[in-house]
Amino acid sequence: MSHNNKNVNGASNHFFQPSRRVPTPGKATILAMGKALPPQLVPQDCLVEGYMRDTNCKDLRIKEKLERLCKTTTVKTRYTVMSKEILEKYPELATEGTPTINQRLEIANPAVVEMAKEASLACIKEWGRTVDEITHIVYVSSSEIRLPGGDLHLSTELGLRSDIGRVMLYFLGCYGGVTGLRVAKDIAENNPGSRVLLTTSETTILGFRPPNNARPYDLVGAALFGDGAAAVIIGTEPIVGTESPFIELNFAMQQFLPGTKNVIDGRLTDEGINFKLGRDLPEKIQDNIEEFCKKLIVKNDELKGSNYNDLFWAVHPGGPAILDRLERTMKLQNEKLNCSRKALMDFGNVSSNTIFYVIENMREELKNKKDGGEEWGLALAFGPGITFEGILLRSL
């Protein structure tokens, strides 16, 4: 699933400067990144007509509602596995009430591995070492269901060694990318010399369906979510002159909010995955985010008494309302969430992948700042639970 624009898919086409800051001994660092996107590019201003046509929907009220949602998401472009060819082969996907889970998995299972493979190859190319030197793989997806999982399929496709340590993280939703970072960090720091390939890959195939007034969230999904994959390589004690670390994973934590497990609700059915999203999700995040951030920041003595605007912010853009509320609550300067807003604009919400698109934007932003920009920052993501994932980052 390649794309012609090498600046969009695959490894960055620039050379890295040597690290300006020395990595902390024993702390995990991100050594390389890559991403992959399916070939179907969907401009947001073309989505409504295409979606109404593809789902055979004639309801003008639904069309008007979707048009409003498309404007409020701030998304400009997205990429999708779904195509004209898929709908011609599986017309039942656009038929209400038809059991199609088998067909959906027939499409999704190979698609997510193919995207993960492309992202991983781009990441390995940027890293500059060989696949034999990867010791562990962490694979994150909420878009496939099978045994063995995508971790084994991807390991085989990449030609990784057979004694590689594999971890599969299924159905975490939007916070899955930061969870993957936390798990990879723990592996790297507890296995000196290890190199961990973390991949995330998602498609909306499992949730694609005709609109229904009884399921208002279907339209939110249609207006907001996209497909894609990402990959990073993580390790401690980077090899000078060979590896180029750019982010240190200093401290990581997870927290769930008691009594909120139904705010984001996803159920697997014969027709795919049905989601329900509570209207109070942005409010729940707003009410709890500052306390969570303080728990991350207090882990570093250098940051005591710091202003939130002294940090850089890599926040999963679940939607513009969440970003707006976080910005107001933390009293952040307007530009602090630019990397998150740009990722949302360019790719939509791509679930677990999106945090890596944000970090990629942040890498470029920090590189272009005098003296490397802010040294410390936070990576944040939110998802079902309600679960908060966060990492205290140090820019190198």
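**Exercise 1. Is Pro384 buried, partly exposed or exposed, judged by its relative accessibility?**

Solution. The structure is a predicted model, and every step below works from that model. Begin by placing the residue: Pro384 lies in the loop between S12 and S13. Next, take its relative accessibility, which is 29%. A residue is buried under 20% and exposed over 50%, and it is partly exposed in between, so Pro384 counts as partly exposed. Finally, look at its surroundings, where, leaving aside neighbours within four places in sequence, Pro384 is in contact with Leu172, Gly173, Cys174, Tyr175 and Ile264. The C-alpha atoms of Pro384 and Gly266 are separated by 8.5 Å, although these two residues are 118 residues apart along the chain.

**Exercise 2. Work out the arrangement of the open sheet of nine strands, and say which strands stand at its edges.**

Solution. First write down the order of the strands, which is S5-S4-S6-S7-S1-S8-S13-S12-S11, with mixed pairing. Strand S5 (165–170) and strand S11 (312–315) each have a single partner strand and stand at the edges, so one side of each is left without a neighbour in the sheet. On average, and with direction ignored, neighbouring strands of this sheet are turned by 25° against each other.

Now follow some of the pairings in turn:

- Strand S4 (residues 136–141) pairs with S5 in the parallel sense over six bridges, and the bridge partner of Val138 in S5 is Val167.
- S1 and S8 run antiparallel and are joined by three bridges, with Ala28 standing opposite Leu249 in S8.
- S8 and S13 also run antiparallel, joined by nine bridges, and here Gln254 stands opposite Glu389 in S13.

As a last step, add the helices that lie across the strands. Helix H6 (residues 176–190) lies across several strands, including S1 (28–36), S4, S5 and S6 (196–202), and runs at about 120° to S8. Helix H11 lies across S1, S6, S7, S11, S12 and S13, running at about 155° to S11.

**Exercise 3. Describe two of the aromatic pairs, and explain which parts of the chain each one brings together.**

Solution. The structure holds eight aromatic pairs. A pair of aromatic rings is described by the distance of the centres and the angle of the planes.

The pair of Tyr217 and Phe275 has its ring centres 6.4 Å apart and an angle of 70° between the planes. Planes over 60 degrees apart count as edge-to-face, and this pair is therefore described as edge-to-face. Because Tyr217 lies in helix H7 and Phe275 in strand S10 (residues 272–277), the pair ties together parts that are 58 residues apart in sequence. Tyr217 has a relative accessible area of 16% and is buried, whereas Phe275, at 40% relative accessibility, counts as partly exposed.

For the pair of Phe347 and Tyr357, the distance is 4.7 Å centre to centre and the angle between the planes is 50°, which is a tilted arrangement. Phe347 belongs to helix H10 (residues 338–347) and Tyr357 to helix H11 (residues 354–367), ten residues apart. Both rings belong to buried residues, since Phe347 has a relative accessible area of 9% and Tyr357 has a relative accessibility of 1%. Together with Tyr79, these two residues form one aromatic cluster.

**Exercise 4. Which residues of helix H1 are buried, and what covers them?**

Solution. In helix H1 (residues 44–54), the buried residues are Gln44, Leu47, Val48, Gly50, Tyr51 and Met52. Their cover includes strand S2 (40–43), helix H2 (60–72), strand S3 (77–80) and helix H7 (217–224). Just after H1, Asn56 takes a positive phi of about 55°.

To see one contact with H1 in detail, turn to Ala223, which lies in helix H7. At 0% relative accessibility, Ala223 counts as buried. Not counting residues up to four places away in sequence, Ala223 touches Gln44, Leu66, Leu69, Cys70, Thr73, Val75 and Arg78. The C-alpha atoms of Ala223 and Glu67 are 8.5 Å apart in space, while the two residues are 156 residues apart in sequence.

Conventions: Residues numbered from 1 in each chain as written. Predicted model: local features only at pLDDT ≥ 70, side-chain atom pairs only at ≥ 80, totals over all residues. Heavy atoms only, no water. Buried < 20%, exposed > 50% of the residue type's maximum accessible area, 1.4 Å probe, protein only. Helix = DSSP H or I, 4+ residues; strand = E, 2+ residues; numbered from the N terminus. Contact = heavy atoms within 4.5 Å. Phe/Tyr/Trp six-rings, centres within 6.5 Å; stacked < 30°, edge-to-face > 60°. Pairing = 2+ DSSP bridges. Axes fitted to C-alpha atoms, helices over the stretch in contact; angles between N-to-C directions.
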